[in-house]
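I opened this notebook to keep track of what I looked up in one structure, entry by entry. The notes are written for someone who has not met it before.

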Amino acid sequence: MEERYYLMKNLRRIRGFLQLSQVEFSKEVGISKSTLQEIEKGNGATLDTLMCIADYMNISVADLLTNPDKIENTLLAVEFLEKGVLYTRLPVENRKNFLRETREILDALEIAWLRAESAPADKPGEEKVID
């Protein structure tokens, strides 16, 4: 049950960070708005849905189901990498976790880029279909 609560909180934090409505986020991820609403009510999700969300965020399914503080650190790391926000604003006790999780994100980005380099090029105008 704790995982459902974490998932609910994490999705709300992710959407807030991305500044996306439920409609916008569900379109981006490739799930229905009603599915997202049910998850955000704490009703859980299928593995396929979790995988769609995790793939979109370039994180693991396990990260979606863990303590929201980890997601918050992941989102801070993205902001840090994109906007140069200084981690010195974090409390000293959080800096070590932040840096460790930033390294994990960089590793995940490297894997994603390597996959993209080895994948066949998309044809112009072709949309990505998620099963």
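The entries below go from the core to a helix pair, a loop residue, the salt bridges and a long-helix check.

**Entry 1, the model.** Before anything else I noted that this is a predicted model, and I read the entries that follow with that in mind.

**Entry 2, the core.** I looked up the largest nonpolar core, which has 18 residues, and found that Leu11, Ile14, Phe25, Ile53 and Leu64 touch the most other members. I then listed the elements that give two or more residues to this core, and they are helix H1 (2-18), helix H2 (22-29), helix H3 (33-40), helix H4 (47-57) and helix H6 (68-83). The most is given by H4, with five residues. As background, I wrote down that nonpolar side chains tend to be buried together in soluble globular proteins.

**Entry 3, one core residue.** Which residues does phenylalanine 25 touch, not counting residues up to four places away in sequence? I found Leu11, Ile14, Arg15, Leu18, Leu20, Leu36, Ile53 and Tyr56.

**Entry 4, H1 against H3.** I looked up how these two helices are placed, and their axes come within 8 Å and cross at roughly 120°. That angle lies outside the 65 to 115 range for roughly perpendicular and is not over 145, so H1 and H3 count as oblique to each other. On the H1 side the contact is made by Leu7, Met8, Leu11, Arg12 and Arg15, while H3 brings Leu36, Ile39 and Glu40.

**Entry 5, a loop residue.** I stopped at glutamine 19, which sits in the loop between H1 and H2. Although glutamine 19 is not a glycine, its phi is positive, about 55°. I noted for comparison that most residues other than glycine have a negative phi. Is glutamine 19 buried or exposed? Its relative accessibility is 70%, and over 50% counts as exposed, so I entered glutamine 19 as exposed.

**Entry 6, salt bridges.** How many salt bridges does a search of the whole structure find? The search finds four, and I followed some of them up. In one of them the side chains of lysine 41 and glutamate 38 meet at 3.6 Å, N to O. Lysine 41 is exposed, with a relative accessible area of 57%, whereas glutamate 38 is partly exposed at 34%.

**Entry 7, a network in H7.** I found that Arg100, Glu101 and Glu104 are linked in a network of salt bridges. The side chains of arginine 100 and glutamate 101 meet at 3.9 Å, N to O, and those of arginine 100 and glutamate 104 meet at 3.7 Å, N to O. Arginine 100 and glutamate 104 are separated by about one helical turn, because they are four residues apart in helix H7. Arginine 100 is partly exposed at 37% relative accessibility, and glutamate 104 is partly exposed, with a relative accessible area of 37%. Glutamate 101, with a relative accessible area of 5%, is buried.

**Entry 8, H7 as a whole.** I listed the buried residues of H7, and they are Phe98, Glu101, Thr102 and Ile105. I also checked the span of helix H7 (residues 92-118): at 1.5 Å a residue, its 27 residues should span 39 Å, and the end C-alpha atoms are 40 Å apart, which agrees.

How values were computed:
Residues are numbered from 1 along each chain as its sequence is written. This is a predicted model: local features need pLDDT of at least 70, side-chain atom pairs count only at pLDDT 80 or more; totals for chains, interfaces and linings use all residues. Side-chain values use heavy atoms; hydrogens and water are left out. The expected span of a helix is 1.5 Å times one less than its number of residues. Buried means under 20% relative accessible area, exposed over 50%, partly exposed in between (1.4 Å probe, protein chains only). A nonpolar core is a set of buried Ala, Val, Leu, Ile, Met, Phe, Trp, Tyr and Cys residues joined through side-chain atoms within 4.5 Å. Contact means heavy atoms within 4.5 Å. Axes are lines fitted to C-alpha atoms, for helices over the stretch in contact, and angles run from 0 to 180 degrees between N-to-C directions. Angles under 35 degrees count as roughly parallel, over 145 as roughly antiparallel, 65 to 115 as roughly perpendicular and the rest as oblique.
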